[in-house]
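Good morning, and thank you for the time. Today I shall present one structure, beginning with a pocket and then turning to a strand pair and an aromatic contact.

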Amino acid sequence: MISKKAKYAIKALKVLTEEYGKGPVLISYISAKEKIPKKFLEAILLELRNQGILQSQKGKGGGYLLRVDPERVNLAQVLRVIDGPIAPTPCVSKNFYVRCDDCTDEVTCAIRPIMEQVRDANLAVYERTTLKQFALKVESPAEPMAQPDSNIPSSIISA
């Protein structure tokens, strides 16, 4: 399950995708449009900016805008920035592996293979769904996975 913070991040990015190429968007506009508490949204947008997905402009006419074309950012990248690993259990995370506290033998664990399948299925959908597809409400992305933008840190790109 994704966090409320991740859900708000995706909603905010949907607005920024819809406004892509039109200039900076005010936090107050995003907050009102998506019914996201403004203070919480400020922290989320700052985190996305610090990770290279957004940029901000100060002053009159300022606000936030996508730094990367919305066809080059997928939901997996966003979720990793906000929530961290996508895996349902730490023992199946590709990049943030941690052995489960209660596990005596991963080889014979009955839960681990199922959690790997859950991870792979979720990851496939998240990686195939770009911000642009999401904003356009594409039901089932059939296109190949978007290639991540080279300016986004690789830690965001891998599971």
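**The largest pocket and two other features**

The largest pocket is lined by M1, I2, L79, D83, G84, P85, I86, A87, P88, N122 and Y126. Two elements, helix 4 (75-83) and helix 5 (112-128), give two or more residues to this lining. Please keep in mind that the model is predicted. The volume of the pocket is about 200 Å³. What is the character of its lining residues, in terms of nonpolar, polar and charged? They divide into 8 nonpolar, 2 polar and 1 charged.

I now turn to the strands. Strand 1 (residues 54-57) pairs with strand 2 in the antiparallel sense, over 4 bridges. Within this pairing, Q57 stands opposite G63 of strand 2. The hairpin has 5 residues between the strands, and G59 takes a positive phi near 85 degrees there. In a regular strand, side chains alternate between the two faces of the sheet. In strand 2 (residues 63-66), G63 and L65 point one way, while Y64 and L66 point the other way; all are buried.

Finally, the aromatic contact. The count comes to 1 aromatic pair. Y8 and F40 form this pair, edge-to-face, at 5.5 Å centre to centre and with 80 degrees between the planes. Y8 lies in helix 1 (residues 4-18) and F40 in helix 3 (residues 38-50), so the pair ties together parts that are 32 residues apart in sequence. Are the two partners buried or exposed? Y8 is buried, because its relative accessible area is 12%, whereas F40, at 31%, is partly exposed.

Note on methods
Residues numbered from 1 in each chain as written. Predicted model: local features only at pLDDT ≥ 70, side-chain atom pairs only at ≥ 80, totals over all residues. Heavy atoms only, no water. Phe/Tyr/Trp six-rings, centres within 6.5 Å; stacked < 30°, edge-to-face > 60°. Buried < 20%, exposed > 50% of the residue type's maximum accessible area, 1.4 Å probe, protein only. Pairing = 2+ DSSP bridges. 1 Å grid on protein atoms, 1.4 Å probe; cavity = no way out; pocket = protein on both sides within 12 Å on 5 of 7 lines; lining within 4 Å. Points joined across faces, edges and corners; volume = space filled by probe spheres on them. Nonpolar A, V, L, I, M, F, W, Y, C, P; charged D, E, K, R; others polar.
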